[in-house]
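Reader: I should like to learn how to read the features of a two-chain model. Could you take me through them in turn?

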There are 2 protein chains.
Amino acid sequence: MSKRKLGRGVAVAGYGMSKFGVLPGLDCRDMFVDAFKDLVNSVDKGLDPKDVEANYVGCCGAWNWEAQAGIAKWCTDWANLVPIPSTTIDNACASASVAIRNGIIGIASGLYDVVLAGGVEKMTTLPTEGTTLVLATGADKTWECYAGYTFPGLYATMATAHMNEYGTTPEDLMAVAIKNHNNGAINPVAQMPNTITQIMEQRQARAREKGKPVPGWVTEMDFLHDDQYNPMVAWPLRLFDCCPITDGAACVLLVAEDIAKNFTDTPIYVTGTGQASGRALHSRDTLTSIPASQIAAKQAYEMAGVGPADIKIAEVHDCFTIAEVMAISDLGFFKPGKDAATAAAEGKTARDGIKPINTSGGLKCKGHPVGASGAGMIGEVFHQMRGEAGARQVPNMDVNLAMTHNVGAHGTTVVVQIYERR
Amino acid sequence: MSKRKLGRGVAVAGYGMSKFGVLPGLDCRDMFVDAFKDLVNSVDKGLDPKDVEANYVGCCGAWNWEAQAGIAKWCTDWANLVPIPSTTIDNACASASVAIRNGIIGIASGLYDVVLAGGVEKMTTLPTEGTTLVLATGADKTWECYAGYTFPGLYATMATAHMNEYGTTPEDLMAVAIKNHNNGAINPVAQMPNTITQIMEQRQARAREKGKPVPGWVTEMDFLHDDQYNPMVAWPLRLFDCCPITDGAACVLLVAEDIAKNFTDTPIYVTGTGQASGRALHSRDTLTSIPASQIAAKQAYEMAGVGPADIKIAEVHDCFTIAEVMAISDLGFFKPGKDAATAAAEGKTARDGIKPINTSGGLKCKGHPVGASGAGMIGEVFHQMRGEAGARQVPNMDVNLAMTHNVGAHGTTVVVQIYERR
């Protein structure tokens, strides 16, 4: 299967998103409509909504977070797109990427020319503990959830294994957070648009205002080691090793390659797509990589006919800092172990590094509305490849080839896609 | 879109199912494995599981019923099919049909040759009231659920509108139940394998055993009018107007047309597929038909190049008796109103009628594990078209063209598919 080609080329011709953050008063359908309106505005030569033929929506937990199942049809209704087919997909945090992949397949099949695909999630209706439990249903209920595992614990298990096997340090992980905050700080749509330094200064100013002892941090690492301000969540992962909890929606406009120029002069073409499944943590041969990432990447590389060295930038799944470390080795950008673990600290994955990773700020800083995040990733590569990323535009590089890498749960689903600007 | 063709032909080469019923101790993944094993055994020339390239699984409520999200990947894991792509689809009671449609599209796209697709549902972990509430999340939470609507109420609204507009009677609806029980009674895999007469006799025998007054019913209609034995659920729908609550899984093997004969000498070919979305009940122009059914049917008919008169038999969505009445007019088999409402009473939809409908016993009698039901429908047409339906085989008819019609919720999703045996 991995060597197969799609029967027909597909391009991304538009991208839209709602705000990412804590959005009281907005349901999934409201946020999806915001994203769809933003998408319509993004299409350079205009989009008549009547031309949209299908809607694929990823969503992980609206069943629990807002008592609404089958969210796609309500998104379609609210966006005034009834009666087009609407499909709701739940592949945990990879839901939007699976939705988009199925939209791509729909066009490749000849059934559709123009497809809307993305995702939505409303996560802040419950207190953090409740949201953590809803998320835990994405892990294996039989062997993981009922044993007390939640996602910080699952990723902490991988982080400790990485530390044990390769000597990876908490500081290596903190460097990933620092780098992603540096990117997110200049992303106007990020949920946390601040560098770690700016956050330190805010905390210090707040302490000063309240007449409390002002923490004497000098470096970002000082702050990140502070047990009060950056508490341990699941050892070795602290608060700033974890992405935030986010409401939001994002979607892309997929069109057949042969009509892409009707929508924009600068479409980005989907040249590779891969998807793989993985087992629960205890059933794997390794805890320091995600096998499904490697398999999905191999499929995408083979379909696109390119290799890791050809990819200019990538948005990878950094729900926790350790996830980015594993991703950049699983995708073949860095060697497993020390090379991947120290890439952020050594500046290799910075915007001006050899392989810019998560120029958007990543899930860590841009936000992680779980069902929507895969679509948000494509948004960043769409803008970078078209030279529209503003202050975040990577310097000294023509971003003609890019990748998105979206992990569902702890690697039970992975979708990797490769995009080309011709 | 409706006139498009698939880029590549697709056939059904196998079918499997778990038991349908109350299955304590079996999780979704267990039932799915039962269905997959049954499917492997059904493939005439054998199936090497290693040849399966993707798994699409419909499921509506495992999030709530067994605290397990993203069920497809766990079904894939338990069936020992990791690392193939696994996609979980929630389109309410049409989930399996949407899963299967996406499997079809996957093959048509050229990405896959062999796809497993179906659905699973575990509904009996909660008491009936709880299950009714979980199901209600498939309706519109904003305008329907929070107003107190559950599915019996939504379909009762359509039934009363039908009675008001066309003079349809409760007896017309009861005739649908009688007919479907006549079919289900000779279906060894049905959850309720009894005619209404047999059920009457069981109830009378039980009363006799317990020394209680023995009901003096003479006809099936006497029983169906008994407020004690067939109580009102939501006027005018009584208990026997409603399908049961069911645990179960079902799946089909989809293969590319050009390799179908490698699996069986009698594949059935998918010649038409349609999918449409509909609005919440209050937003519709009509309460006596399901617009999305008409739209999806038109797409499927146009793709297959056939019309209602050409279809020999159909499995249609009879979650409530009124649903079958609307379906057989929406699909063009009978005129809306009296013609459709009286079709069962007049024997037109019986196994030996002019248009046999729900020869399996339908959801009403075979059972309705909501996320799996669409796959179960294909099972029946698969067996009927291959002459394997045993006592249920329709007489005096070569079933070379058949249809499945699967409704999600109260018509917010409808999938219609047409199959041909060549």
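Author: The following exchange treats symmetry, the interface, the core, a strand, a helix and some backbone details.

Author: This is a predicted model, in which local features need pLDDT of at least 70 and side-chain atom pairs count only at pLDDT 80 or more, while totals for chains, interfaces and linings use all residues. Residues are numbered from 1 along each chain as its sequence is written, and chains are lettered from A and ligands numbered from 1 in the order in which they are written.

Reader: By what turn and what shift can chain B be laid on chain A?

Author: Two copies of a chain are related by a rotation about an axis and a shift along it. Here a turn of 180° and a shift of 0.0 Å along the axis lay chain B on chain A with an RMSD of 0.0 Å; the superposition is by least squares on the C-alpha atoms of residues with pLDDT of at least 70 in both copies. The two copies are thus related as by a two-fold rotation axis. In chain B, the C-alpha nearest this axis belongs to Ser109(B), 1.8 Å from it.

Reader: How many residues does each chain give to the contact?

Author: The contact takes 57 residues from chain B and 57 residues from chain A, where two residues are in contact if their C-beta atoms, placed from the backbone, lie within 7 Å. On the side of chain B that touches chain A, α4(B) provides the largest share, five residues. Helices (H or I, at least four residues) and strands (E, at least two) are DSSP runs, numbered from the N terminus. That side of chain B divides into 24 nonpolar, 22 polar and eleven charged residues. In this division Ala, Val, Leu, Ile, Met, Phe, Trp, Tyr, Cys and Pro count as nonpolar, Asp, Glu, Lys and Arg as charged, and the others, Gly among them, as polar.

Reader: Which residues touch the most other members of the largest nonpolar core?

Author: In soluble globular proteins, nonpolar side chains tend to be buried together. Of the 301 residues in the largest nonpolar core, Val12(A), Phe32(A), Val12(B) and Phe32(B) touch the most other members. Such a core is a set of buried Ala, Val, Leu, Ile, Met, Phe, Trp, Tyr and Cys residues joined through C-beta atoms within 7 Å. A residue is buried if 20 or more other C-beta atoms lie within 10 Å of its own, exposed if 12 or fewer, and partly exposed in between. Leaving aside neighbours within four places in sequence, the contacts of Val12(B) include Val252(B), Pro267(B), Ile378(B) and Tyr419(B).

Reader: Which way do the residues of β3(B) point?

Author: In a regular strand the side chains alternate between the two faces of the sheet. Ser86(B) and Thr88(B) point one way from β3(B), Thr87(B) and Ile89(B) the other way, and all are buried. Strand β2 (residues 54-58) of chain B runs parallel to β3(B) and is joined to it by four bridges; pairing requires at least two bridges found by DSSP. Thr87(B) is the bridge partner of Tyr56(B).

Reader: How many residues of α14(A) are buried?

Author: 13 of the 13 residues of α14(A) are buried, so this helix is largely enclosed by the rest of the structure. Just after α14(A), Gly387(A) takes a positive phi of about 70°.

Reader: Where is Asn396(A) placed, and is the residue buried or exposed?

Author: Asn396(A) is in the loop between α14 and β10 (401-408) of chain A. With 5 C-beta neighbours inside 10 Å, Asn396(A) counts as exposed. Its phi is positive, about 55°, although Asn396(A) is not a glycine.

Reader: Which peptide bond leading to Pro83(B) is cis?

Author: The bond from Val82(B) to Pro83(B) is cis, with omega near 15°, and Pro83(B) lies in the loop between α3 and β3 of chain B.
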